[in-house]
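Hello,

Here is the structure I promised to pass on to you. Have a look at it first, and then read on for what turned up in it.

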Number of protein chains: 2
Amino acid sequence: MALIVQKYGGTSVGSVERIKDVAQRVAKFKMLGHQVVVVVSAMSGETNRLIALAREIQQSPDPRELDVLVSTGEQVTIALLSMALKDLGLRAKSYTGAQVRILTDDAFTKARILGIDEERIRADLEAGRVVVVAGFQGVDERGNITTLGRGGSDTTGVALAAALHADECQIYTDVDGVYTTDPRIVPEARRLKTVTFEEMLEMASLGSKVLQIRSVEFAGKYKVKLRVLSSFEEGGEGTLITFEEDDKMEQAVISGIAFNRDEAKITVQGVPDRPGIAYQILGPIAEGNVDVDMIIQNVGADGTTDFTFTVHRNEYQRALDILARVEAQIGARKVSGDTRICKVSVVGVGMRSHVGIASSMFRTLADEGINIQMISTSEIKISVVLDEKYLELAVRILHKAFKLEEEPQAV
Amino acid sequence: MALIVQKYGGTSVGSVERIKDVAQRVAKFKMLGHQVVVVVSAMSGETNRLIALAREIQQSPDPRELDVLVSTGEQVTIALLSMALKDLGLRAKSYTGAQVRILTDDAFTKARILGIDEERIRADLEAGRVVVVAGFQGVDERGNITTLGRGGSDTTGVALAAALHADECQIYTDVDGVYTTDPRIVPEARRLKTVTFEEMLEMASLGSKVLQIRSVEFAGKYKVKLRVLSSFEEGGEGTLITFEEDDKMEQAVISGIAFNRDEAKITVQGVPDRPGIAYQILGPIAEGNVDVDMIIQNVGADGTTDFTFTVHRNEYQRALDILARVEAQIGARKVSGDTRICKVSVVGVGMRSHVGIASSMFRTLADEGINIQMISTSEIKISVVLDEKYLELAVRILHKAFKLEEEPQAV
C-alpha cells in the first residue's frame with residue numbers, strides 16, 4: 001500500500017465527463033489498496049472567465065479580491081469530483097486550500113506556501129477516504145484567501161506530497177511524459193523514462209511546459225518523487241523525475257532538445273567598456289518590470305563593447321522604450337533589436353563529464369549553414385540563439401546528431 | 001451616522017452593470033457618513049447553473065459537497081462588488097461566510113445560524129471600510145462550508161444586523177415595498193409604509209414572497225429594524241417592518257389581502273368521529289414528507305366526520321397515494337380532492353380589536369355569489385378557500401371593501 005498524490009490540471013477536469021473519468025482512475029488506485037489524495041485545478045477556461053469578469057469591473061483588479069474570485073474555480077472542481085467519487089461508492093471529502101490549511105504568505109495572486117497542516121487529511125486517509133484538495137490556493141495567517149499564481153496547482157500537489165511523505169506525486173497532463181523534444185517537430189522524439197530535476201528545470205524554463213518550474217524546485221528541495229503522466233491514456237508509465245544521485249544507470253549524455261520562440265534580442269552597441277555598464281543598462285530594464293533571459297557581453301576592443309540580452313517578445317517594445325530614455329546617459333553608439341529569433345538548447349546532466357558536446361552542437365549547425373547569433377552555457381545546457389526560420393531544422397538535426405531517438409545505454 | 005446592513009438579491013447583482021449600480025448606491029450611503037455592511041446573493045442564475053452541474057454528476061448530490069459547490073456563487077459576487085467599490089475609490093473588503101465566521105449547525109443545504117463573530121467586521125467598519133459579506137453561507141464548528149438554503153441571504157443580512165446592532169437592515173429586491181395586495185390584480189394596490197412583523201409573517205407564508213419568512217422571524221426575535229426597498233429605483237422609502245408596539249399610530253385594521261393558488265384540498269369523508277383520527281390521517285402524510293397547510297375538521301353528526309386539509313399542488317398526488325394505502329385502516333367512506341382551488345386571506349393586526357371583520361369579508365364574497373369552501377382563522381388573519389376561478393375577483397372586491405387603496409387614518 002502506498003500513499004499517492006495525484007494532480008489533475010484544467011483540461012483533465014474540463015467537463016463533467018472528464019471529471020467522471022478522473023473519478024474512475026482514482027477508484028482504480030483505491031481498489032489496489034493505495035491511499036489517494038487528489039489535487040485539482042479549475043475546469044479549463046473557468047479561471048480565464050473569472051478574470052475577464054473582474055476586468056469588466058476594474059481595469060487592474062484588486063489582488064486580494066481577485067484571489068477571492070478565482071479561487072472559486074477549484075472549489076467547484078473539488079465538489080464535483082467528490083460527488084463523482086461518491087457516485088462510484090467511494091468515501092470522499094473535499095478541502096479548499098483554507099480548509100486544509102495551506103498556509104501562505106500574503107502576496108496575493110503569487111503567494112508562497114509557508115506550511116501545511118496535514119493532520120486532518122491524514123485522519124481522513126486513515127479512515128479510508130479519498131481526499132480531494134483544491135490546487136492553486138491557500139490562506140494567509142489572517143484568514144485571507146490567497147492563490148499561488150498560474151500553474152500553482154502543481155506546487156500544491158508537490159507540497160502536499162512533501163507534507164504527507166507521499167510515496168509518489170503523479171502529475172496528470174495532456175501529454176504522456178517528458179520527451180526528448182517536441183514530437184510535432186521531430187516525430188522520432190522519444191519519451192524519457194526518467195529525467196533529473198536539474199534537466200527538468202532547464203527544460204521547463206526553456207519551453208517544455210509540462211510542469212510548472214516552481215513545483216519542480218519544490219519537489220527537488222523536499223525530495224518528492226514526481227511522475228508526469230497522461231490523463232487521457234491508460235496504463236502509461238510517464239516520466240519519472242529523479243535526483244541525479246538516485247539514478248546512475250542508463251544516464252544519457254544528452255536528455256533533450258528544448259526550444260523557445262517567444263524571445264527577442266536587443267543589442268546595445270558601442271558602450272564604454274567600464275565597470276558598472278551592465279547595471280546601467282539592465283537596472284532601468286528591471287525597474288520597468290521586464291524580465292531578461294540571456295545576457296551576453298563580449299570583451300571590448302577599442303574601449304567600447306557590445307551588450308546583448310533577450311526579453312520576452314511581448315516586452316520587447318517596452319524594453320526599447322526604456323533604453324531610448326537612458327541611451328544618451330549610457331553613452332551607447334546604437335541600440336538595435338530583432339524579434340525574429342529563436343533559442344535552441346541541448347540539455348543533459350551527462351554533459352558535465354563529456355567534453356565535446358558544445359563542439360558537436362556547433363558543428364552540426366554549421367554543417368547545415370545555420371549561423372549562431374548568441375551562445376550561452378550552463379553546467380548542464382548549451383543554448384544558442386538563431387534566426388527563427390531555422391528553429392525546426394536545428395531541433396531536428398540536433399536530435400539526430402545526439403541519437404536521441406534511441407534508448408540510452410548505461411554509461 | 002448610522003450602521004446600515006444592505007442586502008442585495010441575485011437580480012440586483014445579476015450582471016457586471018448591476019453590480020456597478022449597487023456599488024454606486026453603497027457609495028452614496030458611505031458619502032452620507034454611514035457605516036455600511038453589504039450582504040449579497042449569487043448572480044441570478046448562477047446557483048441553478050451549479051446545481052445543474054452537480055446533478056449531471058450525481059442524481060441526488062452529496063449535501064456537504066453541494067454546499068462547497070453552490071457557496072462559490074456568492075463568493076464570486078463579493079469579490080466583484082468589492083472591486084467595483086474600490087474602483088469608485090472606496091475602501092472595501094470581502095468576507096465569505098467562513099471568514100466572518102458565521103457559525104452554523106452542520107445541517108448541510110439548510111443550516112441554521114448559531115452565532116456570528118462580528119469583531120473583525122466591526123474593526124473594518126471603524127477603519128472606514130465597506131464590508132461585503134457572502135449571504136446564504138456559513139461554516140460549522142469543524143470548518144465545513146454550509147448553506148442556509150434558498151433565500152438564506154435575507155437571513156444572513158438580518159443576522160448580521162442583529163450581531164452588529166445595526167440601525168437598519170435594508171433588503172433590496174425587485175419590488176419597492178410590501179403592497180396591500182398584488183398590483184397586477186388590483187391596480188389600486190397601495191405600498192404600505194409600515195407593516196408589522198406578524199402581518200409580514202402571515203403575508204409571506206400566504207404568498208407575498210418579498211422576504212424569506214425565516215429572516216422575518218429572525219428580525220422579530222432580535223428586534224432588527226427591517227426595510228424592504230427596490231434596487232432599481234432611487235430614493236424610495238420602501239416598507240418598514242415594525243414591531244406592533246413601536247408603531248401605534250396610523251394602524252390600519254386590515255393591512256393587506258394575500259392569496260395563493262399553489263394549493264390543493266383533500267377531503268377524507270365519513271371517518272369515525274373518535275379520538276386519534278386526525279393523527280391516523282395526518283401521521284402517514286407527514287411521514288411521507290408532505291407539508292400540510294390548512295386543516296379543518298367539523299363536528300360530527302352520525303358518529304362520523306369529514307376531515308379536510310390542503311397541500312401544495314406538487315404534492316397532491318403523493319398525498320392521495322398515501323391515503324389510498326391507509327384508507328381502509330382509517331375506516332373512511334371516501335377520499336376526494338380538488339386542485340382547482342385558491343386561498344384568499346385578509347391580514348391585519350388591527351382585526352384583533354375590531355369585531356365584524358370576518359362578517360364583512362363573508363358578506364362581500366356572498367354579495368358577488370362566491371361560495372366559500374373552507375374557512376380558517378388566526379389572531380390576525382382570516383383565510384378562505386374558494387374555487388380558483390374567483391381568485392382575482394375576490395381579491396379585488398375585498399381590497400375595495402376594506403378601503404385598502406386609501407391611506408389609513410389613526411385609530
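Let me begin with a single residue, B:Q6, which sits in strand 1 of chain B, a strand that runs over residues 3–8. Please keep in mind throughout that this is a predicted model. Is B:Q6 buried or exposed? B:Q6 counts as buried, because 27 C-beta neighbours lie inside 10 Å, and the cut-off for that label is 20 or more. Leaving aside residues up to four places away in sequence, B:Q6 touches B:V26, B:V36, B:V38, B:Q170 and B:Y172. B:V186, on the other hand, is 180 residues from B:Q6 along the chain, and 30 Å separate the C-alpha atoms of the two.

Now for chain A as a whole. Twelve helices and 20 strands make up its list of secondary structure elements. Its radius of gyration is 24 Å, close to the 22 Å that the globule rule gives for 411 residues, so chain A is as compact as a globular protein of that length. Along the principal axes, the C-alpha trace of chain A spans about 75 × 55 × 35 Å. Of the 411 residues in chain A, 47% are buried. Contacts that link distant parts of the sequence are well represented: among those in chain A between residues at least 6 apart, 75% join residues at least 24 apart.

The domain assignment splits chain A into domain 1, residues 3–174, and domain 2, residues 245–411. Taken over C-alpha atoms, the centres of these two domains of chain A are 37 Å apart.

Next, how the two chains go together. Chain A can be superposed on chain B by a rotation of 179° with 0.1 Å of shift along the axis, and the RMSD is 0.2 Å. The two copies are thus related as by a two-fold rotation axis. The same surface is used by both copies, as 100% of the contact residues of chain A recur in chain B. Which residue of chain A comes closest to the rotation axis? That is A:T72, whose C-alpha is at 2.8 Å.

On the interface itself, 27 residues of chain A are in contact with 27 residues of chain B. Three elements of chain A give two or more residues each to the side that touches chain B: helix 1 (16–31), helix 2 (46–57) and helix 3 (63–87). Helix 3 of chain A gives the most, with 14 residues. Sorted by class, this side of chain A has 14 nonpolar, seven polar and six charged residues.

Helix 3 of chain A also holds A:L81, which brings us to the core. The largest nonpolar core has 241 residues, and those that touch the most other members are A:V38, A:L80, A:L81, A:V133, B:L80 and B:L81. A:L81 counts as buried because it has 25 C-beta neighbours inside 10 Å. Not counting residues up to four places away in sequence, A:L81 touches A:V13, A:I19, A:V22, A:A23, A:V38, A:V40 and A:V132. A:S94 is 13 residues from A:L81 along the chain, with 8.4 Å between their C-alpha atoms. With the same residues left out, the partners of A:V38 are A:Q6, A:Y8, A:V26, A:L81, A:V130, A:V132 and A:V133.

A few single residues are also worth a look while you have the model open:

- A:R101 is in the loop between helix 4 (97–100) and strand 4 (102–104) of chain A. Its phi is near 70°, a positive value in a residue other than glycine. With 19 other C-beta atoms within 10 Å, A:R101 is partly exposed.
- B:F136 is in the loop between strand 6 (130–134) and strand 7 (137–139) of chain B. Here too phi is positive in a residue other than glycine, near 80°. B:F136 counts as buried, with 29 C-beta neighbours inside 10 Å.
- A:E217 belongs to helix 8 of chain A, residues 213–221. It counts as partly exposed, with 16 C-beta neighbours inside 10 Å. A:E217 and A:T155 are 62 residues apart in sequence, and their C-alpha atoms are 9.2 Å apart in space.

Happy browsing, and best wishes!

Technical notes
Residues are numbered from 1 along each chain as its sequence is written. Chains are lettered from A and ligands numbered from 1 in the order in which they are written. This is a predicted model: local features need pLDDT of at least 70, side-chain atom pairs count only at pLDDT 80 or more; totals for chains, interfaces and linings use all residues. A nonpolar core is a set of buried Ala, Val, Leu, Ile, Met, Phe, Trp, Tyr and Cys residues joined through C-beta atoms within 7 Å. A residue is buried if 20 or more other C-beta atoms lie within 10 Å of its own, exposed if 12 or fewer, and partly exposed in between; C-beta atoms are placed from the backbone. Two residues are in contact if their C-beta atoms, placed from the backbone, lie within 7 Å. Domain bounds come from an automatic or database domain assignment. Copies are superposed by least squares on the C-alpha atoms of residues with pLDDT of at least 70 in both. Helices (H or I, at least four residues) and strands (E, at least two) are DSSP runs, numbered from the N terminus. Ala, Val, Leu, Ile, Met, Phe, Trp, Tyr, Cys and Pro count as nonpolar, Asp, Glu, Lys and Arg as charged, and the others, Gly among them, as polar. The radius of gyration is taken over C-alpha atoms; the globule rule is 2.2 Å times the number of residues to the power 0.38.
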